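Reader: I would like a close look at the salt bridges in this structure. Which residues pair up, and where do the partners sit?

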Amino acid sequence: MGSESDMQPLGPGSHGAAVADVQAALRSLSLLEPGSDGVYDRATELAVRHFQQVRGLSVDGRVGEETYRALSEARWSLGDRLLHHDPVRPVRGDDVTNLQERLLELGYDAGRADGIFGRETETGLQAFQRDYGLTADGTCGPATLRALRQLGRKVTGGRPQLLRQSASFVESGPHLIGRRIVVDPGHGGADTGFAAGETTEADLVLDLASRIEGRLAAAGATVYLTRGRHQDPAPAERTAFANDARADLFISLHLDAQDSPHARGVASYYYGTGSGTSSTVGERFADLARREVVARTGMLDLGGHPKTWDLLRMTRMPAVRLDVGYLSHPVDRLLLLDARLRGTVASAVLAAVQRLFLPADADPPTGTFVLPQRA
Ligand SMILES: [Zn+2]
């Protein structure tokens, strides 16, 4: 794990203007009572934890870059400011999420409801404006807001944007030839992640990524790795790389560790918020990959979880992070240090990718799918 952030995080014991700023944001969200200005006390920590939980962030009670940005974004409500597409400094905030969700509900393709006003949001907004006789300038101002409010909710319960995402996947057929898949080994370079003696998380996930790369390539896919051994790209660089590659799928790999020697198992994460917005394809792949790994290695199944981490949110394609076991657990560690087991994990990921692209009625039971031999 690890937040991979450069900002000095705020936490219990911190004080000063930055803390007061965080507290003001928490109060504007009614998460914190007035008092203890500028001192990161227990109440502040609890409020931050609460905020992180409802936003699908890692819950650690501290304010690093990601939590700080989420707090700033949460301050905006639809109507507070003009919204438009700025390619240099994209507008971000809960007001943008709200606009995207409204457009999607009305049947306009505004991209994923990720709170970032991008090209797709602009295009969707312009289509809406044209249909409703407004100036199609792609800017969400008072007239557009009025029209959006008057329309009410035409579509209910369909999650149309998610259905659309599923449909485009089914249409693209069962073969891996022509698929572009980005595999993202976590950490790298000076950032080693967790360590087990001489061996580090960074090295193990790179080895795993290379094995997955080989298998996917053999099955016809075009595969890119986000880093080599000596690089540690920032999350924004990793996601930009996948976006530029126009990848169909993004798979990030990490290992876990904990002070408790009992923690063990495999967890998967996909983009999603507590409010029900999530990537259906991401969720399905998170589920397939984790269950294939569990079925083939006997590791403990820790389930799939929606998260709003930048890595999952900034990617324009279904993105999944797989945490393949605990280096701090004696059995998980022995397994992970075994090259054959890492080969098994790579085969499991390949099977999951194959199953993702297969039509549902042809989907074989977990742990049984074997690649057809290529001629
Ligand atoms: Zn990690």
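Author: At 38% relative accessibility, Arg75 counts as partly exposed, because the cut-offs for that class are 20% and 50%. The model is a predicted one, and Arg75 belongs to one of the 24 salt bridges it holds. Its partner is Asp21, with 3.5 Å from N to O. Asp21 lies in helix α1 (residues 17-28) and Arg75 in the loop between α3 (65-74) and α4 (94-105), so this salt bridge ties together parts that are 54 residues apart in sequence. Asp21 is also partly exposed, its relative accessible area being 29%.

Another salt bridge joins Asp301 to Arg290, and here the closest N and O atoms are 2.6 Å apart. Asp301 belongs to strand β7 (residues 301-307) and Arg290 to helix α10 (residues 280-297); the two are 11 residues apart, and the pair links distant parts of the chain. Arg290 is buried, at 5% relative accessibility, whereas Asp301 is partly exposed, at 35%.

A further pair stays inside one helix. Arg313 and Asp310 both lie in helix α11 (residues 310-313), 3 residues apart, which is about one turn of the helix. Their side chains meet in a salt bridge with an N to O distance of 4.0 Å. Arg313 is buried, with a relative accessibility of 9%, and Asp310 is buried too, at 12%. Both residues also belong to a network, in which salt bridges that share partners join Arg69, Glu73, Arg92, Asp310 and Arg313.

Note on methods:
Residues are numbered from 1 along each chain as its sequence is written. This is a predicted model: local features need pLDDT of at least 70, side-chain atom pairs count only at pLDDT 80 or more; totals for chains, interfaces and linings use all residues. Side-chain values use heavy atoms; hydrogens and water are left out. Helices (H or I, at least four residues) and strands (E, at least two) are DSSP runs, numbered from the N terminus. Buried means under 20% relative accessible area, exposed over 50%, partly exposed in between (1.4 Å probe, protein chains only).
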